[in-house]
Amino acid sequence: MSLGHACVDVYQGAVAALVPYFVAERAYSYAAASGVVLAASLLSSLVQPLFGVLTDRWAMPWLLPLSALTAGAGVALSGVTGSYAPTLAAVAVSGVGVAAYHPEAARVARFVSRGRHTAMGWFSLGGNAGFALAPLLVFAVVATGGLRASPLLVVPALAGAALCAAAVRSAGSGGSAGASTAAGEDDWPSFLRLSGAVVCRSVVFVGLSTFVSLHVRERTGGGEVAGTAALFVLYAGGAVGTLAGGRLAERYGRTAVVRRSYALTVLAVAGLVLVPGPPVYLFVALTSAGLYVPFSLHITLGQDFLPRRAGTAGGVTLGLTVSVGGLAAPALGALADATSLRTALLPLVALPALGRLLLCGLREPVAAVPEGADPQEPVAR
């Protein structure tokens with residue numbers, strides 16, 4: 001499941017990684033380039049709740065390999081479409097594939113992990129690894145062959161479809177039986193507060209994913225390699241941060257770890273935006289830690305706040321709120337065109353602070369036991 005997640009989330013990271021090449025080869029403005037990110041996010045945001053509801057009612061394991069192929073096909077076509085509108089359509093198709101994958105994947109992962117923080121951390125790590133590898137993959141393909149080489153980017157989708165099919169077979173009844181449920185009452189007020197905080201995190205993450213490469217090139221005077229390195233650092237922190245989040249949560253509790261991560265992100269983003277020269281990479285790394293440590297904890301908290309709707313909770317915390325972040329990208333791009341990229345990124349400092357406020361007083365939910373799990377077996381705290 002973790003490797004399949006990596007192959008799918010490559011395509012979330014690939015859209016942002018393609019932005020500098022759209023700017024360079026097609027002379028897109030900041031607003032036009034961020035519109036590409038919006039196209040990948042908008043349709044995904046609209047259809048993801050539907051997939052979450054469907055997953056809560058019926059298991060759809062066949063959707064995992066199909067969604068991987070859809071996500072890859074859209075990105076692979078985006079570089080050869082030529083004009084702007086077909087490019088938007090191609091990345092929108094990719095966004096639908098990503099949206100279809102996450103609710104069902106979260107349901108199957110919940111079953112096989114029995115709700116453990118560390119196990120869900122490994123599942124989330126796969127997605128974060130896909131994000132991290134995306135700029136390197138795009139650089140290897142597009143920097144050498146130009147946007148016309150983008151069809152080669154379909155390779156991870158082919159691998160992901162095979163891995164997802166194998167994971168579903170291994171999961172047995174958890175991958176093919178009815179949608180999982182758990183005992184307990186749904187706590188919608190707490191879930192909505194958590195979702196609001198994740199949206200704040202998402203706007204910061206997607207905004208930096210879209211523009212950190214260009215920003216670091218400006219701040220350091222470097223070229224494509226400097227920008228690609230910054231994006232890689234932003235994504236690669238997920239490998240350490242996600243696993244650390246699970247370990248820290250087992251010791252200090254999920255809500256405490258999530259609140260402290262948001263506080264760290266405020267200071268880290270401020271340094272990323274304001275500090276010039278090579279030290280900016282340090283703040284990119286700290287920002288990555290602040291954004292990724294709570295990543296898998298958002299998923300398990302959401303599922304425990306909505307124990308009867310694990311698919312919906314997983315789809316929102318793992319997918320929808322991330323997609324919603326893309327809706328703010330055009331506003332940042334327009335502000336950058338009107339002022340400067342540095343000025344456009346300044347509002348991102350305030351959003352983790354708002355997320356921290358939403359998390360104030362949020363209680364630690366009782367961990368739900370997924371259907372099919374042994375109720376006597378220990379689960380996440």
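This is a chat about helix H8 and its surroundings in a predicted model.

User: Quick overview first: how many helices and strands does the protein have?

Analyst: The protein has 16 helices and zero strands. Keep in mind that the model is predicted.

User: And what share of the 381 residues is buried?

Analyst: Buried residues make up 59% of them. On contacts, if you take those with a separation of 6 or more, residues 24 or more positions apart account for 86%.

User: Let's talk aromatics. How many aromatic pairs does the structure hold?

Analyst: Seven. One of them is Tyr-30 with Phe-211, an edge-to-face pair at 6.1 Å centre to centre and 90° between the planes.

User: Where do Tyr-30 and Phe-211 sit in the chain?

Analyst: Tyr-30 is in helix H2, residues 30-57, and Phe-211 is in helix H8, residues 188-220. They're 181 residues apart, so the pair links distant parts of the chain.

User: Why does Phe-211 count as buried?

Analyst: Because its relative accessibility is 1%, and the cut-off for buried is under 20%.

User: OK, on to Phe-205 and Tyr-292. Why is that pair called edge-to-face?

Analyst: The planes of Phe-205 and Tyr-292 are at 80°, with the ring centres 5.7 Å apart. Edge-to-face needs an angle over 60 degrees, so the label applies.

User: Which helices does that pair link?

Analyst: Phe-205 belongs to H8 and Tyr-292 to H11, which covers residues 280-292. The two are 87 residues apart, and this pair too links distant parts of the chain.

User: Are those two buried or exposed?

Analyst: Both Phe-205 and Tyr-292 are buried.

User: What else is in the aromatic cluster with Phe-205?

Analyst: Tyr-235, Tyr-292 and Phe-295 form one aromatic cluster with Phe-205.

User: And which ring faces does Arg-201 lie over?

Analyst: Arg-201 lies over the face of Phe-205, at 4.8 Å from the ring centre. Arg-201 also lies over the face of Tyr-292, where the figure is 5.5 Å.

User: Switching to helix packing. How do H8 and H9 cross?

Analyst: Their axes come within 8 Å and cross at roughly 145°, with H9 spanning residues 224-252. H8 passes H9 in a right-handed crossing.

User: Which residues meet there?

Analyst: From H8 you have Phe-205, Leu-208, Ser-209, Val-212, Ser-213, Val-216, Arg-217 and Thr-220. On the H9 side they meet Glu-224, Ala-226, Gly-227, Thr-228, Ala-230, Leu-231, Leu-234 and Tyr-235. By class, the contact of H8 with H9 divides into nine nonpolar, five polar and two charged residues.

User: How about H2 against H8, what's the crossing there?

Analyst: The axes of H2 and H8 come within 9 Å and cross at roughly 145°. That crossing is right-handed.

User: Who's in contact?

Analyst: Tyr-30, Ser-34 and Val-37 in H2 meet Val-206, Thr-210, Phe-211, Leu-214 and Glu-218 in H8. The contact of H2 with H8 has five nonpolar, two polar and one charged residues. Tyr-30 and Phe-211 are the edge-to-face pair from before.

User: Anything odd about phi of Ala-27? What is the value?

Analyst: Phi of Ala-27 is near 55°, which is positive in a residue other than glycine. Ala-27 sits in the loop between helix H1 (2-26) and H2.

User: Is Ala-27 buried or exposed?

Analyst: Ala-27 is exposed, since its relative accessible area is 64% and the cut-off is over 50%.

User: Back to H8. What does Val-203 touch?

Analyst: Val-203 is in H8 and buried, with a relative accessible area of 13%. Leaving aside neighbours within four places in sequence, Val-203 is in contact with Gly-325, Ala-328, Leu-348 and Leu-351. The C-alpha atoms of Val-203 and Pro-352 are separated by 9.4 Å, and these residues are 149 apart along the chain.

User: And Arg-193, which residues is it in contact with?

Analyst: Arg-193 is found in H8 as well. Apart from neighbours within four places in sequence, Arg-193 is in contact with Leu-358, Leu-359, Cys-360, Gly-361 and Leu-362. The C-alpha atoms of Arg-193 and Gly-355 are separated by 8.8 Å, with their positions 162 residues apart along the chain.

User: How accessible is Arg-193?

Analyst: Arg-193 is partly exposed, at a relative accessible area of 30%.

Terms used: Residues are numbered from 1 along each chain as its sequence is written. This is a predicted model: local features need pLDDT of at least 70, side-chain atom pairs count only at pLDDT 80 or more; totals for chains, interfaces and linings use all residues. Side-chain values use heavy atoms; hydrogens and water are left out. Rings of Phe, Tyr and Trp (its six-membered ring) pair if their centres lie within 6.5 Å; planes under 30 degrees apart count as stacked, over 60 as edge-to-face and the rest as tilted. Helices (H or I, at least four residues) and strands (E, at least two) are DSSP runs, numbered from the N terminus. Buried means under 20% relative accessible area, exposed over 50%, partly exposed in between (1.4 Å probe, protein chains only). A charge sits over a ring if NZ of Lys or CZ of Arg is within 6 Å of the ring centre and within 35 degrees of the ring normal. Axes are lines fitted to C-alpha atoms, for helices over the stretch in contact, and angles run from 0 to 180 degrees between N-to-C directions. A crossing is left-handed if the near helix is turned anticlockwise from the far one by less than a right angle, and right-handed if clockwise. Contact means heavy atoms within 4.5 Å. Ala, Val, Leu, Ile, Met, Phe, Trp, Tyr, Cys and Pro count as nonpolar, Asp, Glu, Lys and Arg as charged, and the others, Gly among them, as polar.
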